[in-house]
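Trainee: I would like to learn how to read the features of a model such as this one, step by step. Could we begin with charges placed over aromatic rings?

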Amino acid sequence: MRTIIVALGMLFCALTTLAQQPKSTGKITLTITDPEGKPLPFTSVMVRKVKDSLLVKGELTTVTGSCSFDNIAYGHYFIQASQMGYNTSYSKVFQLDGAHKSLQLDTIRLNTLGKNLQAVNVTAQKPFIESSAGKTVMNIENSVSAAGNTALDLLRRAPGVQVDNNENVTLKGQSVTVMIDGKLTYLSGEQLTNLLKTTPGESIASIEILTSPSAKYDAAGNGGIINIKTKKGKMTGINGNINATLTQSRYGRYGISGNINWRTEKFNLFGNFDQGDYPRQTTRHYTRSLLEKDGSTTFLDQSIFQRNRFKNNYLKIGMDYFITEKQTIGVLANGYKNAFSNQIFSTANLGQQNMLPDSTVNSLTTNNNKFDNIALNLNYKAIIDTAGGKEISFDADYAQFNNHRLMQLNDSLYDAKTQLNRNPNSIRTTGGTQVIIKSLKADLSWPLGKESKLEAGAKASFVTTTNLLQFDSLANGSFKPSPSLSDQFNYQEDIYAAYATYKKQLHKTNVQLGLRVENTVSSGHSFTTETNVKRNYTDFFPNINIEQKLNDKNKLSLAMSRRIERPQYGQLNPFMFYLDKYTYFKGNPFLKPQYSNIAELAYTFKDKYIVTFRYSRIKDMMEEFIIQDDSTKASISTERNYDKTDIYSALFTLPFQVTKWWTSDNNFDFSYNQYRFEDPATNDPYYRYNFNYYLSSTNTITLPKDFKVEVMGYYNSPFIFGIFKGYAQYNLNVGVQKMFLNKNATVKLSYNNILRNESYRGSADFANLHLNIFNTWQFRTVNLSFSYKFGSATIKAARERKTGTSDEQNRAG
């Protein structure tokens, strides 16, 4: 594998030298005026290819209305000119070649837009949800009800996405890799949930769900990739926006965010910030039955009230420097300094069913977490051939994640017979986690003629994690260390990868064939238990995408892929973590990666009505498993590998234009799930089956004077997930929006969770475990948000590039 990477690196270095070779280029000049012949300064002018309208270069006119383009490769082009308040105009087709090296084009006149005298202004916008084989997109930017919601709230409404009882995000019951603007989030589990909870919906443009990513992406995530795309500016100049949101529910909370983009002919400087304070309330209710030694049954009824507080401070800053028109070097730095704290009040009653409890355990758990992250990226991109589309890029990444935790559990037992409190207990846990990730990546795009293209790349990533956990027990009024409960766990993982993708267009058929190879070398060591697990394995991940255009209205597409999900670093730590006296979590150092094979077939009518059929087979699925100890009354949650899982699903995307002012975007998702695993006590096979469906409808009504109303509702039927059964989830959200100040300012008012069903209600019934769960994270909220965009409306956004950090970053935390 290392030989492959070195060979590819040498190939890329050789190809880079080609970027310096002179090409046949020419120059274009022209002038833009208004209908009266007066020069129009700051007009957006774009050079586009005749063949596919591909943008070659864009500029703004000077104060004299003139514009010029140098070093344009020979070819057939046309000009597109546009400015606010004027109709977009196009030039005649022209050719740049050896006989026409310098062209002075005819003056282009832009006509003034006519006034709309209708009472209702109809503005075209993208559907709330778009779907195709291997990809679903939620267009959040223009959604009214997104105001005041977080990224996690919005993901709950995405087709196929589920948030389980621990608020982990899955796609049709499978794990996913979460990215923001094409870059990994560096987090997983609880830390990823906390980040999604503190990412405001106002900063999100769209959410992409890639169920069949190409071989260019890391193979992690059995369900695929969720890419959260944030809002950006749109070519030279300065622009940006600022957002502020106030939310009132059980507690008040606020958030403020913004971004700025400054672009010149030689550099592009950009930045984002996000700051907020998000107190929330969580309620949990558990009931379990426990078998006593005498054969009787005791019932445990546990009520938990949890007061959470999230404080986030996020900053991103970067710059692209244009060395030449074909070479760009960029630096990117981003990081956050967040805090999460909570108080967990728990009351656990033990006794006979439908009778007064025999005893009650009252506990208070306090958690204080501080976590910070810094990520640095250095990127180089060279366009070897502008006309041919030959490109090469390199990325070097460094990321460090730190988490510091202080937890204290205090509890006491009240005996109903003696009416006395006894056995007061206190445990204090201090710990820290550090994850350091280094990565090198190179990518090449090389057209092979007019109808085909080869993409190839290589990557090496190196991850080191250190986990320290110390338990102290209260004894004689002071805390004493408990060495048997403390632990240090170190984990080292190196991944070497190479990929190649071939794309070919055959008349009305587009074919993409890809293969990714990944070699993983890992070692995990627990110093307390002296557990040492080493692995070295190589996997192949093929990817196929075929799209067949039947005619102007009908299209078929097929996507097939193989993916992997490696254990999160914390899941491998074999030691015990305490939530309360009766709830533990224990890692599994022998947890194996899970693999999935996915196939999707989609039919599209008129580019908007879509039917998608999907099949997924998962081997060694990693999923939560609960073991109950009847003697201690405790339940221990751990991760284990299920034998196999089969998921069959059908997704219907049906957008309707009900009237000129009313659009309705509707989605129906039906799935059938089969789970098979063995009873760890008897090794007997165990099967579970479930039919599940999800329905959603987003209705947008456009009113006069730049008002807009949105009503969004969804229903998710009962479902099965491993040993857990979830009950139906449904809700309704409404919002109204008003734009003013030439549509630069927007005010949104929304009312969410109207039906008060943003919750998880379910059960687990297996062996001696009989558990009922009812968790509520969200209550009705009223959200008021204000956003204002400033500067030029035609500034090209910062390059959206995927850094070299991989799925291993998404497993940190």
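Mentor: Let us take that topic directly, keeping in mind that this is a predicted model. Arg761 lies over the face of Phe774, at 3.8 Å from the ring centre. A second case is Arg640, which lies over the face of Tyr642 at 5.7 Å from the ring centre.

Trainee: How many aromatic pairs are there when two rings face each other instead of a ring and a charge, and how is such a pair described?

Mentor: A pair of aromatic rings is described by the distance of the centres and the angle of the planes. In this model the count comes to 27 aromatic pairs. One of them joins Phe625 and Phe677, with 6.3 Å from centre to centre and 80° between the planes, which makes the pair edge-to-face. Phe625 belongs to strand β36 and Phe677 to strand β39, so the pair ties together parts that are 52 residues apart in sequence.

Trainee: Are Phe625 and Phe677 buried or exposed?

Mentor: Both Phe625 and Phe677 are buried. Set beside them the pair of Phe652 and Phe670, again edge-to-face, with centres 6.1 Å apart and an angle of 80° between the planes. This pair also links distant parts of the chain, since Phe652 sits in strand β38 (residues 644-659) and Phe670 in strand β39, 18 residues apart. Phe652 has a relative accessible area of 27% and is therefore partly exposed, and Phe670, at 29%, counts as partly exposed too.

Trainee: Which residues form one aromatic cluster with Phe652 and Phe670?

Mentor: The cluster consists of Phe652, Phe670, Phe691, Tyr693, Tyr715 and Tyr730.

Trainee: Strand β36 came up with Phe625, so I would like to know how to read the sheet around it; in what order do the strands β32, β33, β36 and β37 stand?

Mentor: Strands of a sheet pair through backbone hydrogen bonds, either parallel or antiparallel. Here 4 strands form an open sheet in the order β32-β33-β37-β36, and the pairing is mixed. The edges are β32 (576-580) and β36 (622-629), each of which pairs on one side only. From one strand to the next the twist averages 25°. Strand β36 and strand β37 (residues 634-641) pair in the antiparallel sense over 8 bridges, and within that pairing Met622 has Asn641 of β37 as its bridge partner.

Trainee: Which strand is joined to β16 by bridges, and how many bridges are there?

Mentor: Strand β16 (residues 204-210) is joined to β17 by 6 bridges, and the two run antiparallel. Along this pairing Glu208 stands opposite Asn227 in β17. As for the setting of strand β17 (residues 224-230), 6 of its 7 residues are buried, so it is largely enclosed by the rest of the structure.

Trainee: What does the largest nonpolar core contain, and which elements give two or more residues to it?

Mentor: The largest nonpolar core has 23 residues, and those with the most contacts inside it are Ile723, Phe724 and Leu771. The elements that give two or more residues to this core are β36, β39 (662-678), β42 (719-721), β46 (759-766) and β47 (769-776). Leaving aside its neighbours within four places in sequence, Leu771 is in contact with Tyr286, Thr287, Arg288, Ile626, Gly762, Ser763 and Ala764. Apart from this core lies another, of 19 residues, among them Ile32, Tyr77, Leu96 and Ile108.

Trainee: Turning to the backbone, which residue has a positive phi near 60° although it is not glycine?

Mentor: That residue is Asp620, whose phi is near 60°. Asp620 is placed in the loop between β35 (609-619) and β36, and with a relative accessible area of 14% Asp620 is buried. Leu741, likewise a residue other than glycine, has a positive phi near 55°. Leu741 is found in the loop between β44 (729-740) and β45 (745-752), and at 53% relative accessibility Leu741 counts as exposed.

Trainee: Where is Phe401 placed, and how far apart are the C-alpha atoms of Phe401 and Gly335?

Mentor: Phe401 is in strand β24 (residues 390-415), where, at 2% relative accessibility, Phe401 counts as buried. The C-alpha atoms of Phe401 and Gly335 are separated by 9.3 Å, with the two residues lying 66 residues apart along the chain.

How values were computed:
Residues are numbered from 1 along each chain as its sequence is written. This is a predicted model: local features need pLDDT of at least 70, side-chain atom pairs count only at pLDDT 80 or more; totals for chains, interfaces and linings use all residues. Side-chain values use heavy atoms; hydrogens and water are left out. Buried means under 20% relative accessible area, exposed over 50%, partly exposed in between (1.4 Å probe, protein chains only). Two strands pair if DSSP finds at least two bridges between them. Axes are lines fitted to C-alpha atoms, for helices over the stretch in contact, and angles run from 0 to 180 degrees between N-to-C directions. A nonpolar core is a set of buried Ala, Val, Leu, Ile, Met, Phe, Trp, Tyr and Cys residues joined through side-chain atoms within 4.5 Å. Contact means heavy atoms within 4.5 Å. Rings of Phe, Tyr and Trp (its six-membered ring) pair if their centres lie within 6.5 Å; planes under 30 degrees apart count as stacked, over 60 as edge-to-face and the rest as tilted. A charge sits over a ring if NZ of Lys or CZ of Arg is within 6 Å of the ring centre and within 35 degrees of the ring normal.
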